[in-house]
Amino acid sequence: MPRSLRALKVASGSVTLAWRPAPRRGAGKIQFEVFRDGRQIGSAHQALFTDTHVKPATVYRYAVMAVDVHHHRSRRTHALQVRTPAAAAAAVPPPPSGAGNVAGAPAVPAAGIPDAGPTGTPGAGPPPGASGISQAMVDRLFWRAGFGPTDAERATWTGRPLAELIDFLLGSPNTLQPTAQPPSNMGHPIDPLNSDPELVMEWLDRMQRSNNPLVERLTFFWHRHWAVARSAQISAASLLAYRNRLGRYADFAANPDASFRGLAREMTTQDAAMSIYLNGYQNKKAAPNENYAREFQELFCLGVTDAAGNPNYTQSDVHQMARAFTGYTLDPAAPDPVVTFNPALHDTGIKTIYGQSGDFDANGAVELVLSHPSHAPFLVSALWKEFIHAPLDAATLADLVATYTAGGQLLIAPVMRKILSHPAIFESLGEPNMLKPPVVFCVGVLRQLGAPLKDTWQTAALTSMQQLPYFPPNVAGWEGGLSWMNTTTSQARFDLIVRCQSLLPPVADVPGESAQQAVDRAYAGAGSPWLSDGTRLLLAEYAAQAPTTTAAQRLERQYALQAFMLGGPDGQVM
Amino acid sequence: MSENFRCISCEEIELANVHDALPSQLMPIPHEALAGFPQGRDGRALTRRRLLQYGAAGVASVYGPRLLKWESVWESAAAAASAPDRVLVVIYLAGGQDGLNVVPPGGGTDYSTYVAKRPVIHRGQGATVAGRVGSQPMPGSGGLLSFANPVVSSAGGGDNGDANFGFERLYGDGLGGPGSNLAVMPATDYLPANLSHFTSSDYWFGGRLVEPFTTGWLGRWLDLYGSPSNPLQGISLGSSLSKTIRTAAVPVCTISSLAALGFALRRGGYGSPGGDPAAVDANAVVSQLAGLPVGDGANTHLLRSRASYAQAVDIYNQTSSLGPPVLGGGYPTTGSLSPQLKLAAFLLGANLGTRVITIHWGGFDTHGGQIASQDPQLKELSRALGAFQADLAARGVADRVSTLLFSEFGRRVAENASAGTDHGAGGLMLAAGPHVRGGLAAPFTGLQVDQQGDVAVGTDFRSVYQSVIGEWLGGDPAAVLGGSFPPLQRYDGTSGLFA
């Protein structure tokens, strides 16, 4: 007979029930029949059922019966009485707001459900004052603008004004915390020029240890935006130079006036990795190669069409721009190639781009693209989408475009300031609504567990999670969004936790520890991540059920709880 | 220059796929399919047993406007199994296949123009010469065209390396009768050609020259003539849906593999990676966590996360007791096309009411070092396609399967300074199958190079789509394509692609 029937969630329009299957030996696959007020209303293959045909402010009695493959029916459970709340009580979460703890409305608990949640959760943090931010907001910013918060960062920023944290992200230098366990490969300290996994680990290490995480996070965004992939022709040294170049456009303490114009010019005329990746060095007066000129417009600066669906450029514009970009060459066989300008390979003729004619050189052509009316909306939208789930509304778009184009400077930091302090970034604090990109998830786990980077444990996992830095699938970078999660990547994300646990010293065995104490210890050891109420309840139940007779069993419970918290479904959103 | 340049935009699969279908449209097929069979329907137990035996539906994720009950999926699949229908397998060669170096000119001034425009990468005639592969004459084309050596079997004198499989074996005498089962359609495209990978592939997937992309041409065909309840009617191999079968109304699905690992914890061994690897099953708890309701229905990302975990557990539960599927042999082991074709043949043999299977194979964007990157792919392509036909025949389903190959554009006639070719108009389409009328099925107007340096486009690709619908799959081509297009002009003066 199923046991422990309870209401997991009760709302005015739905009731979610859960129970313990308690199968008999040899019963085979079990199906459950769900009864409401004595009548069967549905069946389930797992110990979970949601009844969506309920009315507000009504009392219902539920019971569950198990049926095995031989049609043996168990007895029904004792009836569980549930009262749905009035419709008005099904509170919609308050509108996004920069001030105040906007955790989503908690589920209305049914009578008899224990409050299983560990204390000190982000969503339940101390309400901020008029100028202070809640812990949930600190968590949100450190996930979106970094790789998740540490306890120290939470302690530092909770209750402080939002502007101070934004100032910190946009104005403090990119220093690294010391590490007790430097990253290593096969027992040796890593050397990014030694192997591809070490090249990747060098960057993961910087992400894990950065004091101002926005620098590496925004650098990684630029990598996704100006995608370049490692190959036999593109050396690790070229990629490090490329990464460091992108980093200068993300480190606003060192470069407060970093502009997209500067970045676009450098990628066009100085970056060796990009030159090889998109055949720029083979683009010569006698034989123009259109590859870079096309992607420069299509993917890096404009997009194919504007908001109204009109083409932003023509095939002729691509060809003419390729001519303007001629003359920048390099020796692809050199170990650390350098882009130089050879006037003999540059086409000095008249080019016609967007209807304007002139002897445009590379910077001249870049300027034409950056003053194209589609450029500013394209770029600020790309940045917005990286950090915020909600769509960019017209008024905010106009505001961001005005900020970006002010004085014609195309500065990046002012746009980042507006995005990171926009109320929409704090939307749905009680139920995070953006999937963590694999790199953010992986580095976040390293920070949450304090795990070392070792051998290829993490880089192999990133491949399975479908995002290995320096190896984007194509010049459009990674698609991201919902595409991050599928059956393969969900398993890879869970496996990463198990891998990282094996690299850490064993946790302590605490004989006599209660189930709730075990949950609380695992939760603290996992960096106090966001968990839904339902997950807290299920994990408390798991902890209560798990055998704890032997030390090995007790340890297994600790590791399992952490794996479920970090590697389960709730651990994937930020 | 001899560098083998990694190519750029669409080497891997992402661009051509539809990822962001709403997760509410995702349904774990195995959970509903393999566990949810109603009792007492013995008459159709065969289908169920077959499903269990093969585990074929084990990894399908469904894209459709509404959730399906497995009963209706099963009824549809069972009904389709009793009256098997014709199938189209669509292979997308991503990146812009250089058709001119697959079927180069066979002689005359076209050939000398071709050599002059491609001093480094042209195919020599006859056997392989130093550093450059050759070509073999294409029968039934009046000497217009030839087959590049890498697509010709070793028995035919080419360097494909397999005596059993090559384009010339499928092509036969090129007269379209029995044994002539490969149709060649050079210089097929649309005008004016758009040379963006992303835009042009959207046109080809959509079968119409409009942006933004909404539905695929075979998606619309399924909407008109397909089943409202069988997602297995349209299958994309891989983890995401091809735009070719993106529908507005009826369900379709993706299948990435036939096995899954499930969620496991380590038993002991913590603190040392070399510890006891024996695993502890974590699937039951993960399943519970994944089954939690999402409070805010607008939170599509958390919904997606939970759905992915739930689906992974369901697949594990339903497939862990099944043996590995019996895949066909004879395929090359050199590339990533063969595993997909093996899976396609297996699924077609399982007889699940499938009408369309899409396969995405990248790496044809040969801006540099073209010979070194294209030749291995051509060898794989010709051998895998031959093995696929043999596999289908062994499973007894070859007679109702045709295969269509396309790319989003061709390449410029003249090579570039990097021993490669840039995007150009006029690509090569191929069709294969016992009911395909082999031979030169579209005109080759010779190397009349236009102002932009491309071959003259002789055939609109939608004329081919029109033949596929009108002559093979069935239905009204104009209803799918939004208009009529000139019939294909075969070299022998007749028209049509299928017999």
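**Notes on a helix pair, a buried glutamine and chain B**

1. A pleasant place to start is chain A, where α18(A) passes α19(A) in a right-handed crossing. Please keep in mind that this is a predicted model.

2. On the geometry of that pair: helix α18 covers residues 515-525 of chain A and helix α19 covers residues 533-545. Their axes come within 8 Å and cross at roughly 120°, which means that α18(A) is oblique to α19(A).

3. As for the residues involved, α18(A) contributes A:A515, A:Q516, A:V519 and A:Y523. Facing them from α19(A) are A:R536, A:L539, A:A540, A:A543 and A:A544. The residues of this contact comprise 7 nonpolar, 1 polar and 1 charged.

4. Do have a look at A:Q467 as well, in the loop of chain A that runs between α16 (457-464) and α17 (487-502). A:Q467 counts as buried because its relative accessibility is 1%, and the cut-off for buried is under 20%.

5. What does the side chain of A:Q467 reach at 3.0 Å? Its partner is the backbone nitrogen of A:V439. Beyond neighbours within four places in sequence, A:Q467 is in contact with A:P437, A:P438 and A:V439, and also with A:F220, A:L462, A:W478 and A:W484.

6. Turning to chain B, you will find 13 helices and 18 strands there. Chain B has 499 residues, of which 62% count as buried. Among the contacts in chain B with a separation of 6 or more, 70% come from residues 24 or more positions apart.

Notes:
Residues are numbered from 1 along each chain as its sequence is written. Chains are lettered from A and ligands numbered from 1 in the order in which they are written. This is a predicted model: local features need pLDDT of at least 70, side-chain atom pairs count only at pLDDT 80 or more; totals for chains, interfaces and linings use all residues. Side-chain values use heavy atoms; hydrogens and water are left out. Axes are lines fitted to C-alpha atoms, for helices over the stretch in contact, and angles run from 0 to 180 degrees between N-to-C directions. Helices (H or I, at least four residues) and strands (E, at least two) are DSSP runs, numbered from the N terminus. Angles under 35 degrees count as roughly parallel, over 145 as roughly antiparallel, 65 to 115 as roughly perpendicular and the rest as oblique. A crossing is left-handed if the near helix is turned anticlockwise from the far one by less than a right angle, and right-handed if clockwise. Contact means heavy atoms within 4.5 Å. Ala, Val, Leu, Ile, Met, Phe, Trp, Tyr, Cys and Pro count as nonpolar, Asp, Glu, Lys and Arg as charged, and the others, Gly among them, as polar. Buried means under 20% relative accessible area, exposed over 50%, partly exposed in between (1.4 Å probe, protein chains only). A polar contact is a pair of N or O atoms within 3.5 Å; within protein, one must be able to donate a hydrogen and the other to accept it, and residues adjacent in sequence count only if both atoms are side-chain atoms.
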